[in-house]
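Q: I'd like a close look at one part of this model, with whatever surrounds it if that helps. Walk me through it informally, but keep the residue names in.

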Amino acid sequence: MFQTVEIPFWLLILVLAFAAVTFASHFLFPSVRWFFRRRMERAVARLNTRLARPIEPFRIMRRQDQVTRLIYDPKVMEAVRDYARQIGVPPNVAFERARSYAREIVPGFSTATYFGFAIKLAQRLSQGLYDVRLGGGEAKALEKIDSSASVVFVMNHRSNMDYVLITWLASSHSALSYAVGEWARVWPLKALIRAMGAYFIRRRYSNSLYRAILARYVQMSIQQGTTQAIFPEGGLSLNGSVGKAQKGLLHYIVRGFNVHDSADVVFVPVALNYDRVLEDRVLITAGMHGIRRFPVRAKVVLGFILRVLWQKARGRFSPFGYAAVCYGEPLSLRDFLTQSPAPSTRTLSEALMLRIRAAVPVLPVPLVAAALVQSDLSCSKDTLTQASQSILDMLSDKNAWIHLPDGQLEQAIETGLSVLKRRGVITQEGDKVSLTPSQSDVLSFYAASVLQRLDAPTGIAPSASLRLDLPPRPKRVKS
C-alpha cells in the first residue's frame, strides 16, 4: 500500500491536470460564482432603492436559465411540435432549432455594464453632442402609474442616438430592455448590447417557430415586470415625420394579456426630436430610393468620430443644437381593451402613434425649417419671424411642447439659421434667407415634425407655396 510506484512524467502531469480541473469545477468555480452572485444581488438591492421601478429578478437570472425556461415553456413546446409537422423533421431536430433561436433572442443583462458603463457613456455622448432637454406635460403622470403594472415605452425613431438618449434619461426610472434589429449583431457591439439587456429580433428570414419563441419571450418579460422600450415604426424615419406603426411586438403583448388575470400593461408614449439628426442625409437618400438599406461605410463613421474628437480637442466643436425628449399621455392596456369601442392591435397602434405625434417637441431648427417652407422657401428675416410666430401660436393652441433658447423666438431663429447655414441648407444675403437649390429634401426632413403637427403637407417642391396668412398674436412659449 505504501510502496513507491513509478509512472511516466507525462502521465503525472495529466493526472494532476485532471485533478485541478475537477477541483476547480466542483469547488472553486461554484464558490467564485456564489461570491460574485452575492455581490451582484447586494448591488441590485442598493440600486433598486433609487429606481422608480426596481429591477425584477427575471432580469438578473443567469442567461442559460432564461433560455431553458423559454424553450421548455408549454407554448414554445407546442410551437416546436407544430413546426416539426409543418416541415417534416423529427421533433428533436425542431427542438434544437428552437434552442438556437432562444439563445439568439435572450439577452444577458449585466447591472455593472448597464449602470456602471452604459449610462455614463450615454450621458457623455448625449451632452457632448447636444444641448439635451427633457419635458412634456405628461411627465408627472409617470409617477402615478401603478407599481404592479408593466411599463412599455413606445417611441418614434428619429436617429440611432435615440437608444443613447433614452438609456440615459430613463436611467432614474428603470433599466430598459430594447428590441434591436439585425444591424447590431456585429462584434463587439453584439456583446455590449446583450449585456445592456437588449434582445435581437430578425426582420428578415424568420419563420413560424422563430416568431412563436420571440412572442413568448416578449410576453414572459412583460409578465415579469421588465420595462420595455420599443419603436413601433419598425425603423428610422426616412422623411422626418412620425410614420405608421408596425404591429408585430404590440400584437405579441396584446395576445399575451389577460384582462382579468394579468397585471396591467401601461404604454408610455415618448417623442424625440433633434436640431440635427446625425444620419439625416443617409436616411433621405434611402427614402428617395424607396429602400431601407443604409450604405454607411465604417471609414465614414470613423472619420466623423475622429473629426468631432479633433474639433473638441482644439476647442472648435460646435454642438449640434437641441435634442429633446417629451412624454405623452400614458395608456392603460386594460382600460383600452375594456373601454374602447373597437379594441384591436390596429386601433391600439393608431392611438399610440397619435399620442407620440402630439408629444413631438418643437426645436429651433425644425421651427425655422417649417417657417421657411411656409414662406415660399425664400423671404426676408422679418417675414421668417412672422411665419415662425404664427406657427408657435397654432402649436400653443394644440398644447405642443416647445423648446426655445431662454424661451426667446428671436434667439431661436438665430440658432436655427446658424445650424442650417453651417450645413449649407440655406444661404443668407443681408436680410434675405433662401433655400440652397439642392437642399430641399434636407429642409423638408427637418420641417416635417412641425408641419405634421400642424396637419400640413410635409413634402417640398421648388414652387411650393404654403403661406400662413394669420395675424401675429402674443407669444406663449414653453421652455
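What are α8 and α9 to each other in orientation?

A: A quick word on ground rules before the helices. This is a predicted model, in which local features need pLDDT of at least 70 and side-chain atom pairs count only at pLDDT 80 or more, while totals for chains, interfaces and linings use all residues. Residues are numbered from 1 along each chain as its sequence is written, and side-chain values use heavy atoms, with hydrogens and water left out.

Now the pair itself. The axes of α8 and α9 come within 9 Å and cross at roughly 60° (axes are lines fitted to C-alpha atoms, for helices over the stretch in contact, and angles run from 0 to 180 degrees between N-to-C directions). α8 and α9 are therefore oblique to each other (under 35 degrees counts as roughly parallel, over 145 as roughly antiparallel, 65 to 115 as roughly perpendicular, and the rest as oblique). Their crossing is right-handed, a label used when the near helix is turned clockwise from the far one by less than a right angle, with left-handed for anticlockwise. On the α8 side, the contact (heavy atoms within 4.5 Å) is made by R211, L214, A215, V218, Q219 and I222, and α9 brings L249, Y252, I253 and R255. By class, that set divides into 7 nonpolar, 1 polar and 2 charged residues. Here Ala, Val, Leu, Ile, Met, Phe, Trp, Tyr, Cys and Pro count as nonpolar, Asp, Glu, Lys and Arg as charged, and the others, Gly among them, as polar.

Stay on α8 for a moment. The helix covers residues 208-223 and has Y210 in it; helices here are DSSP runs (H or I, at least four residues), strands are E runs of at least two, and both are numbered from the N terminus. Y210 is buried, at a relative accessible area of 1% (buried means under 20%, exposed over 50%, partly exposed in between, with a 1.4 Å probe and protein chains only). Leaving aside residues up to four places away in sequence, Y210 touches Y101, E104, I105, F200, I201 and R202. I105 sits 105 residues away from Y210 along the chain, yet their C-alpha atoms are separated by 9.4 Å.

α9 has another partner too. The axes of α9 (residues 248-255) and α13 (residues 345-359) come within 10 Å and cross at roughly 120°, which makes α9 oblique to α13. α9 passes α13 in a right-handed crossing. The residues doing the touching are L250, H251 and V254 of α9, together with T345, L348, S349 and L352 of α13. They split into 4 nonpolar, 3 polar and no charged residues.

For another helix pair, try α14 and α15 (residues 381-397), whose axes come within 8 Å and cross at roughly 110°. That makes α14 roughly perpendicular to α15, and the crossing is right-handed. From α14, L367, V368, A370, A371, L372 and Q374 meet L384, A387, S388, I391 and L392 of α15; by class that is 9 nonpolar, 2 polar and no charged residues.

Zooming out, the protein has 17 helices and 11 strands. Of its 479 residues, 49% count as buried. Among contacts with a separation of 6 or more, 77% join residues 24 or more positions apart.

In soluble globular proteins, nonpolar side chains tend to be buried together. In this model the largest nonpolar core (buried Ala, Val, Leu, Ile, Met, Phe, Trp, Tyr and Cys residues joined through side-chain atoms within 4.5 Å) has 85 residues, and I166, Y178, V268, V270 and L443 have the most contacts inside it. Helix α14 (residues 364-374) gives the largest share of this core, 8 residues. Apart from it lies another core, of 50 residues, among them I71, A79, Y199 and Y217. Y178 touches residues including Y163, I166 and Y199, not counting those up to four places away in sequence.

Helix α6 (residues 161-169) is worth a glance as well: 9 of its 9 residues are buried, so it is largely enclosed by the rest of the structure. The buried residues of α6 include W168 and I166.
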